[in-house]
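Here is a short report on one protein model. Keep the sequence and the 3D view open as you read.

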Amino acid sequence: MKTANQFHAYLQSFNNVSNYARIGFGIAAIGLLALTSCSSNDDEIILVNNICDVSYVSTPITDLFSTANGYDDLPEYMDLETHQYRMKINANGEICSVGYQNPSTWTGSYLIVIKNETTSLQTSAIRSFSQAQLEYKSITPLVVNSGDIVSVERTIFGYTSISETVGRILRKSDYTDVPYPIVQGNVEFLSSNFYGAGGPVPNIGQPYIPVGFRLN
């Protein structure tokens, strides 16, 4: 049978063990919280890196073909069926959406064709866009390796008036041709062309048909 002093010593020993246990539990909990936080951040990073970045091409177009650089933004110009441009994206990823704005003269759809001229692969879709603002629509993704040459084109069909074929173009204020190639960031713009029911008319301006890009 334990004496009062022995019981007190035993209780003190138990409390010390309990304190160590509580400390150990606290450390384990902190470690688990840190692990959970890291996992959560990793998930967020994966989600961020997996977005279809609609600014990847639109920002270089806007920055390069600006009023400050001697270009006019013509919302309804070039009354030809197909508006096309070619570019090189110096990054690995995939084209995942296309942006456009229907002119005031046309509420119908376009055939959108995006070709990887380097790999001979392409994606296409029939899409109609907002008349009020630039609107992005999803497409079947097209893989792009750094340095691949890509062409982007929209072709109108089913129209009844030539005025319906116009689209947004960025053209030199002095009416000279665009001095392709032009580089901005990871995007190099190589050429443009307008044809169908007339033309072809190469390099007269830059069509405003940006695409969304998802980096690998």
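## A cluster of rings

Start with four aromatic residues. Phe65, Tyr71, Tyr85 and Phe189 are linked into a cluster by ring pairs. The model is a predicted one, so treat each value below as computed from that prediction.

The structure has six aromatic pairs. One of them joins tyrosine 85 to phenylalanine 189. Their ring centres lie 6.2 Å apart, and the planes meet at 45 degrees. That pair is classed as tilted. Tyrosine 85 sits in strand 2 (residues 82-89), while phenylalanine 189 sits in strand 10 (residues 187-195). The two are 104 residues apart in sequence, so their pairing ties together separate parts of the chain. Are these rings buried or exposed? Tyrosine 85 has 0% relative accessibility, so it counts as buried. Phenylalanine 189 also has 0% relative accessibility and counts as buried.

## An edge-to-face pair

Now look at tyrosine 100 and tyrosine 110. Their ring centres are 5.3 Å apart. Their planes stand at 85 degrees, so this pair is edge-to-face. Tyrosine 100 belongs to strand 3 (residues 93-100), and tyrosine 110 belongs to strand 4 (residues 110-116). Ten residues separate them in sequence.

Both tyrosines are covered by the buried label. Tyrosine 100 is buried because its relative accessibility is 1%. Tyrosine 110 is buried because its relative accessible area is 0%.

## Salt bridges

Side chains of opposite charge can pair when their charged atoms come close. How many salt bridges does the structure hold? It holds four.

Take arginine 168 and aspartate 73. The closest N and O atoms of this salt bridge are 2.6 Å apart. Arginine 168 lies in strand 8 (residues 167-172), and aspartate 73 lies in strand 1 (residues 71-77). The pair therefore ties together parts that are 95 residues apart in sequence. Arginine 168 is partly exposed, at 22% relative accessible area. Aspartate 73 is partly exposed too, at 41% relative accessibility.

Another salt bridge joins glutamate 117 to arginine 86. Here the closest N and O atoms are 3.1 Å apart. Glutamate 117 is in the loop between strand 4 and strand 5, and arginine 86 is in strand 2. They are 31 residues apart in sequence, so this bridge also ties parts of the chain together. Glutamate 117 is partly exposed, with 37% relative accessible area. Arginine 86 is partly exposed as well, with 24%.

Which residue meets glutamate 94 in a salt bridge? It is arginine 214, at 2.4 Å from N to O. Glutamate 94 lies in strand 3, and arginine 214 lies in strand 13 (residues 211-215). The two are 120 residues apart in sequence, so the bridge ties together those parts.

## Serine 97 and its contacts

Strand 3 also holds serine 97. This serine is buried, because its relative accessibility is 6% and the buried label applies under 20%.

What does serine 97 touch, leaving aside its neighbours within four places in sequence? Its contacts are Cys52, Val54, Tyr136, Lys137, Ser138, Ile139, Val211 and Gly212.

## A nonpolar patch on the surface

Leu111, Ile126 and Phe157 make a nonpolar surface patch. Its area is about 260 Å². Isoleucine 126 belongs to strand 5 (residues 121-127).

## The whole protein

Step back to the full chain. The protein has two helices and 13 strands. It has 216 residues, and 38% of them count as buried. The protein exposes about 11,600 Å². Carbon and sulfur atoms supply 57% of that area.

Contacts can also be sorted by sequence separation. Consider the contacts with a separation of 6 or more. Residues 24 or more positions apart account for 81% of these.

## How confident is the prediction?

The average pLDDT of the protein is 84. At least 70 is the score for 77% of the residues. Where does pLDDT stay under 50? It does so over residues 1-48. For that stretch, the model has three contacts beyond four places in sequence.

Conventions: Residues numbered from 1 in each chain as written. Predicted model: local features only at pLDDT ≥ 70, side-chain atom pairs only at ≥ 80, totals over all residues. Heavy atoms only, no water. Patch = residues over 30% accessible without salt bridge, like charges linked within 9 Å, V, L, I, M, F, W, Y side chains within 5 Å. Areas by Shrake-Rupley, 256 points an atom, 1.4 Å probe, with all protein chains shown as cover. Salt bridge = Lys/Arg side-chain N within 4 Å of Asp/Glu carboxyl O. Helix = DSSP H or I, 4+ residues; strand = E, 2+ residues; numbered from the N terminus. pLDDT = per-residue confidence, 0-100. Contact = heavy atoms within 4.5 Å. Phe/Tyr/Trp six-rings, centres within 6.5 Å; stacked < 30°, edge-to-face > 60°. Buried < 20%, exposed > 50% of the residue type's maximum accessible area, 1.4 Å probe, protein only.
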